Amino acid sequence: MSATDELLENNARFTAGFQHGELEAPPARPVVLVTCMDARIDPALALGLVPGDAHVLRNAGGLVTDDVVRSLAISQHALGTREIMVVQHTKCGMHGLDENALALRIEAAAGSPPSASVRFGAFTDLETSVRASVARLRASTLLLHRDRIRGFVYEVETGRVREIH
Ligand code: ZN
């Protein structure tokens, strides 16, 4: 049985007691969390979120990419959110990642190098990366609200969310 099949079995049990069918699409708390895909981060547990509470955007690193800005624009203009939390984390796989080595691994597997336009977003300093992500959002004219954008580090060692100023 694959991991996917196991999750589908879990879902069958989930639907038996499902109680969130009446939720509206706009988040109950008008906030968007941008964070890493890292399996150690559970935003609901770490921040006390329940279904319907908030938008959560995840990618490798919790980086502000073009697609994250796209989703934030929709979240603010169409679904009423007005606060953004950027939460990157300690021991992130993107921290110190060797982009050239990764490109070579992809080339070896695919038979051709990844497009020169592909950037994986490796960073060398965690707090600098958080500040850069927040600065990019504060400068984005696609966003409706830019006065409540804050950056944080989630410590995978302790579960603590620490603000970066
Ligand atoms: Zn990460």
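The buried residues of helix α3 are covered by elements that include β1, β2, β3 and α5, and this arrangement, taken from a predicted model, serves as the starting point for the description that follows. Within α3 the buried positions are Val68, Val69, Ser71, Leu72, Ala73, Ser75 and Gln76. The helix has 14 residues, which at 1.5 Å a residue should span 20 Å, and because its end C-alpha atoms are 19 Å apart, the computed length agrees with that expectation. Beyond the helix comes Gly80, a residue with a positive phi near 80 degrees.

The protein as a whole contains five helices and five strands, and these follow one another along the sequence in the pattern α-β-α-β-α-β-α-α-β-β. The C-alpha trace spans about 50 × 50 × 35 Å along its principal axes. Of the 165 residues in the protein, 32% are buried, while the exposed surface amounts to about 10,200 Å², with 55% of that area supplied by carbon and sulfur atoms. Among the contacts between residues at least 6 apart in sequence, 67% join residues that are at least 24 apart.

The largest nonpolar core comprises 27 residues, among which Val34, Leu72, Ile84 and Leu137 touch the most other members. Two or more residues are given to this core by each of the elements β1 (31-36), α3 (66-79), β3 (83-89), α5 (126-138) and β4 (149-154). Helix α3 thus appears both as a contributor to this core and as an element whose buried residues are covered by others, including β1 and β3. For Val34, with residues up to four places away in sequence left out of the count, the contacts are Leu57, Gly62, Leu63, Val68, Leu72, Ile84, Met85, Val86 and Val87. Two of the residues touched by Val34, namely Val68 and Leu72, are listed among the buried positions of α3.

Asn59, a residue of strand β2 (residues 55-59), has a relative accessible area of 16% and is therefore classed as buried. A polar atom of the Asn59 side chain lies 2.9 Å from the backbone nitrogen of Leu63. When neighbours within four places in sequence are set aside, Asn59 is in contact with Thr35, Cys36, Met37, Thr65 and Val68. One of these partners, Cys36, is itself buried, because its relative accessibility is 5%. Cys92 is likewise buried, at a relative accessible area of 7%, and the number of disulfides in the model comes to zero.

The loop between β3 and α4 includes Thr90, Lys91 and Met94. Thr90 has a relative accessibility of 14% and so counts as buried; apart from residues up to four places away in sequence, Thr90 touches Arg40, Leu126, Val153, Tyr154, Glu155, Val156 and Glu157. Lys91, by contrast, is exposed, with a relative accessible area of 56%, and this residue adopts a positive phi of about 60 degrees although it is not a glycine. Met94 has a relative accessibility of 9% and is therefore buried. The contacts of Met94, again without its neighbours within four places in sequence, are with Ala60, Gly61, Phe120, Gly121, Ala122 and Phe123. The C-alpha atoms of Met94 and Ala122 are separated by 4.8 Å, although the two residues are 28 residues apart along the chain.

Helix α4 (residues 99-110), which comes after this loop, has 12 residues that at 1.5 Å a residue should span 16 Å, and its end C-alpha atoms are 16 Å apart, so the length agrees with the expected value. At the N-terminal end of α4, Asp98 acts as a cap, with a side-chain oxygen 3.0 Å from the backbone nitrogen of Asn100. Just after the helix, Gly111 takes a positive phi of about 90 degrees. Helix α4 is hardly covered, since one of its 12 residues is counted as buried, whereas in α3 the buried positions are Val68, Val69, Ser71, Leu72, Ala73, Ser75 and Gln76.

Key. Residues numbered from 1 in each chain as written. Predicted model: local features only at pLDDT ≥ 70, side-chain atom pairs only at ≥ 80, totals over all residues. Heavy atoms only, no water. Core = buried A, V, L, I, M, F, W, Y, C linked by side-chain atoms within 4.5 Å. Buried < 20%, exposed > 50% of the residue type's maximum accessible area, 1.4 Å probe, protein only. Helix = DSSP H or I, 4+ residues; strand = E, 2+ residues; numbered from the N terminus. Contact = heavy atoms within 4.5 Å. Disulfide = S-S within 2.5 Å. Expected span 1.5 Å × (residues − 1). Polar contact = N/O pair within 3.5 Å; in protein donor to acceptor, adjacent residues only side chain to side chain. Areas by Shrake-Rupley, 256 points an atom, 1.4 Å probe, with all protein chains shown as cover.
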